Amino acid sequence: MQVQQGQKPADEFGKCIEFLLEAVEGSYQPFIIADSAGIIKGCNGAFARLVGYAKEELVSKRVEDLTPPEWRRQESGIIAGQVRSGMPAIYRKEYVRKDGTRVPVEVFDRVAFDKDGRPMYFYAFITDLSEKG
C-alpha cells in the first residue's frame, strides 16, 4: 500500500477501512478490521450480529476485549508471527458475545503493512463454528 504524494498515511488508512467495509457490508461472512494496536476500526453487520453488539458499540473496542482470557496468549503469538512473516493466519478461538456467552470461530487474519514494513492494520474474515455442528 503506497501513500500518494501529499496524502497523509492516516488519510490512506481511513480510505482503506472505508473501502474494505463497503466491500463486505452486505456479506454474510463476518468481517472485522483493527489497527496495529488491536483497536477495532470497523466491522460489517454479520460480525456485529455474531458478537451481539451494534456496530457503533464495537468501534474503538479492543479485539482482546471480545476474546476470552485463555485465548489471548495464543492469539498474541499468532499475530506476532504474522508481523514477522507477513503471511496470513488461520486459527480457531472464541469470542465473548455481549450477553456473556461464547461463540467458537475460525479466523482468517491478514496484516497490511505500510511502505516501511510496519503493520498498519489487520483484517479478518470470521467463520462461526457453532453452526457447523
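These legends describe close-up views of a predicted model of one protein chain.

**View 1. The whole protein chain combines helices and strands.**
The chain holds 4 helices and 5 strands. Along the sequence, these elements follow the order α-β-β-α-α-α-β-β-β. The chain has 133 residues, and 39% of them are buried. Among contacts with a separation of 6 or more, 41% join residues 24 or more positions apart.

**View 2. The surface of the protein chain exposes about 7700 Å².**
Carbon and sulfur atoms supply 51% of this exposed area.

**View 3. Strands S3 and S4 run antiparallel.**
S3 covers residues 89-96, and S4 covers residues 102-113. The two strands are joined by 8 bridges. One residue to pick out is Tyr91, whose bridge partner in S4 is Val107. In a regular strand, side chains alternate between the two faces of the sheet.

**View 4. A turn links S3 and S4 into a hairpin.**
There are 5 residues between the two strands. Gly100 lies in this turn. Its phi is positive, at about 95°.

**View 5. Asp35 sits in strand S1.**
S1 spans residues 31-35. Asp35 has a relative accessible area of 13%. Asp35 therefore counts as buried, since the cut-off is under 20%. The Asp35 side chain also makes a polar contact: it reaches the backbone nitrogen of Ala37 at 2.9 Å.

Methods:
Residues are numbered from 1 along each chain as its sequence is written. This is a predicted model: local features need pLDDT of at least 70, side-chain atom pairs count only at pLDDT 80 or more; totals for chains, interfaces and linings use all residues. Side-chain values use heavy atoms; hydrogens and water are left out. Two strands pair if DSSP finds at least two bridges between them. Buried means under 20% relative accessible area, exposed over 50%, partly exposed in between (1.4 Å probe, protein chains only). Contact means heavy atoms within 4.5 Å. Accessible areas come from the Shrake-Rupley method with a 1.4 Å probe; for residues, only the protein chains shown count as cover. A polar contact is a pair of N or O atoms within 3.5 Å; within protein, one must be able to donate a hydrogen and the other to accept it, and residues adjacent in sequence count only if both atoms are side-chain atoms.
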